[in-house]
2 protein chains.
Amino acid sequence: MPEPIGFIGLGHMGLPIAHNLLAKGFPLRVYNRSPDKAKTLVAEGATLVKSPEEVATSGGIVITMLADDAAVESVATDQLARALGPGGVHISMSTVSPETNAKLDERFARHGVAVVAAPVFGRPEAAAAGKLWVCTSGPQAPKQRVKPVLDVVGQGVFDFGAKVGSANVVKLAGNFMLTAATEAMAEASALAEKNGIPRGSLLKMLTQTLFNCPVYTGYAARIIDADFENVGFALPLALKDMLLARQTATSTHAPMPYLDILCDRYISAIAKGRSGLDASALAQGAAEDAGLKWGV
Amino acid sequence: MPEPIGFIGLGHMGLPIAHNLLAKGFPLRVYNRSPDKAKTLVAEGATLVKSPEEVATSGGIVITMLADDAAVESVATDQLARALGPGGVHISMSTVSPETNAKLDERFARHGVAVVAAPVFGRPEAAAAGKLWVCTSGPQAPKQRVKPVLDVVGQGVFDFGAKVGSANVVKLAGNFMLTAATEAMAEASALAEKNGIPRGSLLKMLTQTLFNCPVYTGYAARIIDADFENVGFALPLALKDMLLARQTATSTHAPMPYLDILCDRYISAIAKGRSGLDASALAQGAAEDAGLKWGV
């Protein structure tokens, strides 16, 4: 019988993940700042509670899936840790800095609770399909205990060892690579268009040949169609991730010139009023610098 | 019966392409600055000639596959154009600037010869297997005539219209994207290693999931193993391509900040004595900037 799970954070990613867990028979106690988001889950049998710590059962498992470090810190308090108590496990699934998860680990350890970092790759559609890729790090026994949970969330789990923040470094490095791919396609497309070649011709060829992988085909389609308003990954969250990567890169002394350019592209996109668009709207920067205009 | 073909340039790419054409029954007349390179072709029935223009038959097809713009200009002379004469076709397969092919087009047009740009994507192994990707541009009728030739060279032909230089812009844009992918992997790997995560763990996960395409798997393997001495694409040729892209981007007004970083990475690699390595040795730059050392 699947273990009961406490679930905090029913946003674009959290809600479909919670639905999948419920569908696989995990009893769910859920909390969200806006309780309205829980309606469909409650209709399927989840219990909605009024405070983060009420999702916890003694010695149980709690998942947090929130937008940023501040949101995670605001729910992953001593109260939550106390409610979980000895033997409890906190699966920290949000994209946060390794430092934040290390800090939570210290806090939760004082209450006998283990923290497993488990950030995921994939957009909301992948979350709904249970096709995310999950990266874990943390102590071994709790990782094994939560494996059946993570197997529902994703199509594969990759482990990065005992240090709780490691999976977060991997997640930030991966998001950097995704975003760098968008910038590279945008610059190549601007070059093509300034030479009379439609970006669709260039990107379709490249994504049918050398770059035939989901990241490139997905972002190429958005760039070709200037499809930036259909938000899968909100632009301000992408900036947040780049700034977290920047902070970790700085504190551990890894110069990353491509990352710097991405930070500035997102800052510029926000300056241009694009906070409501998808992260792929980054591509408009290279186009505009070349005197071109793609989309809104 | 396949048409006779003149073939100039028997380097890493030209030699396997010439072998494939010969194997498919195209009679070949070949020229190379160092005639030794032609030995295996002559053994299989090719005719070795002593000057570039001698490869041509009146109204026939000539392929040039050389290292750079200067090498192409030195063989694609008025003499060669005259030897080809009215109805002839020059397939310009080298990675050169669009401006160079436009200039050749003007020169050859004066002799009634059409120029078809047909740069290719792929390493020597792909050339040997006939698995290159071919990009064409130029006038329609000659492109149709040479299609059976290009079908032997590659597994697919993508056309970019009538303007002779367009395929070269696409080739430069594609090589930029390949190289940008290497830099992104290198920066992400440096970040991971500075945080105690082996670059192999990071890159294997990413190339098994979001980045499971030939470019990433191939370059990731080289970065993981620090395999830079086994040269598939010589580092100075990669710099040459980035500088051609830079020149075209400048003349057509497309700012490309990622490209600028790549130019400097290659210049630095040469400064560090890496001219004899594979282009993927670019990755060492991000590692060294972070105080790490990968490979030689």
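**Exercise 1. The surroundings of Arg265(B)**

Which residues does Arg265(B) touch, not counting residues up to four places away in sequence? Describe also the setting of this side chain.

*Solution.* The structure is a predicted model.

Step 1. Locate the residue: Arg265(B) belongs to helix H12 of chain B.

Step 2. List the contacts. Within chain B, Arg265(B) touches Glu183(B), Glu187(B), Leu282(B), Gly285(B), Ala286(B) and Asp289(B). From chain A, Pro257(A) is also touched by Arg265(B).

Step 3. Examine the polar partner. The side chains of Arg265(B) and Asp289(B) are joined by a polar contact of 2.9 Å.

Step 4. Classify the exposure. The relative accessibility of Arg265(B) is 10%. Buried means under 20%, so Arg265(B) counts as buried.

**Exercise 2. The relation between the two chains**

Determine what operation lays chain B on chain A, and what kind of axis this implies.

*Solution.*

Step 1. A turn of 180 degrees, with a shift of 0.0 Å along the axis, lays chain B on chain A with an RMSD of 0.0 Å.

Step 2. That is the relation of a two-fold axis.

Step 3. In chain B, the C-alpha nearest this axis belongs to Cys213(B), at 2.6 Å from it.

Step 4. Of the interface residues of chain B, 100% are also interface residues in chain A; therefore the copies meet through the same surface.

**Exercise 3. The make-up of the interface**

Describe the area, the polar interactions and the contributing elements of the contact between chain B and chain A.

*Solution.*

Step 1. The size of an interface is often given as the accessible area lost when the parts come together. Between chain B and chain A, about 5000 Å² is buried, and carbon and sulfur atoms give 78% of this area. The contact takes 56 residues from chain B and 56 residues from chain A.

Step 2. Count the interactions. Six residue pairs are in polar contact between chain B and chain A, both residues being at pLDDT 80 or more. The number of salt bridges found across this interface is zero.

Step 3. Assign the elements. On the side of chain B that touches chain A, at least two residues each come from strand S8 (132–136) and from helices H8 (166–194), H9 (199–208), H10 (214–225), H11 (235–251) and H12 (257–271). H8(B) gives the most, with 19 residues.

Step 4. Sort the residues of that side by character: 40 are nonpolar, ten are polar and six are charged.

**Exercise 4. Salt bridges between distant parts of a chain**

The structure holds 27 salt bridges over all chains. For the pairs Glu73(A) with Lys103(A) and Asp278(B) with Arg123(B), state which parts are tied together and whether the residues are buried or partly exposed.

*Solution.*

Step 1. Glu73(A) and Lys103(A) form a salt bridge through their side chains, at 3.2 Å from N to O. Glu73(A) lies in helix H3 (residues 69–75) and Lys103(A) in helix H5 (residues 98–109) of chain A, so the pair ties together parts 30 residues apart in sequence.

Step 2. Glu73(A), at 25% relative accessible area, is partly exposed, and Lys103(A), at 42%, is partly exposed. A network of salt bridges links Glu73(A), Lys103(A) and Arg107(A).

Step 3. In the salt bridge of Asp278(B) with Arg123(B), the closest N and O atoms are 3.0 Å apart. Asp278(B) lies in the loop between H12 and helix H13 (283–289) of chain B, and Arg123(B) in the loop between strand S7 (120–121) and helix H6 (124–128) of chain B, so the pair ties together parts 155 residues apart in sequence.

Step 4. Both Asp278(B) and Arg123(B) are buried.

Definitions and conventions. Residues numbered from 1 in each chain as written. Chains lettered and ligands numbered in written order. Predicted model: local features only at pLDDT ≥ 70, side-chain atom pairs only at ≥ 80, totals over all residues. Heavy atoms only, no water. Least-squares fit on C-alpha atoms with pLDDT ≥ 70 in both. Contact = heavy atoms within 4.5 Å. Buried area = accessible area lost by both parts, 1.4 Å probe. Salt bridge = Lys/Arg side-chain N within 4 Å of Asp/Glu carboxyl O. Polar contact = N/O pair within 3.5 Å; in protein donor to acceptor, adjacent residues only side chain to side chain. Helix = DSSP H or I, 4+ residues; strand = E, 2+ residues; numbered from the N terminus. Nonpolar A, V, L, I, M, F, W, Y, C, P; charged D, E, K, R; others polar. Buried < 20%, exposed > 50% of the residue type's maximum accessible area, 1.4 Å probe, protein only.
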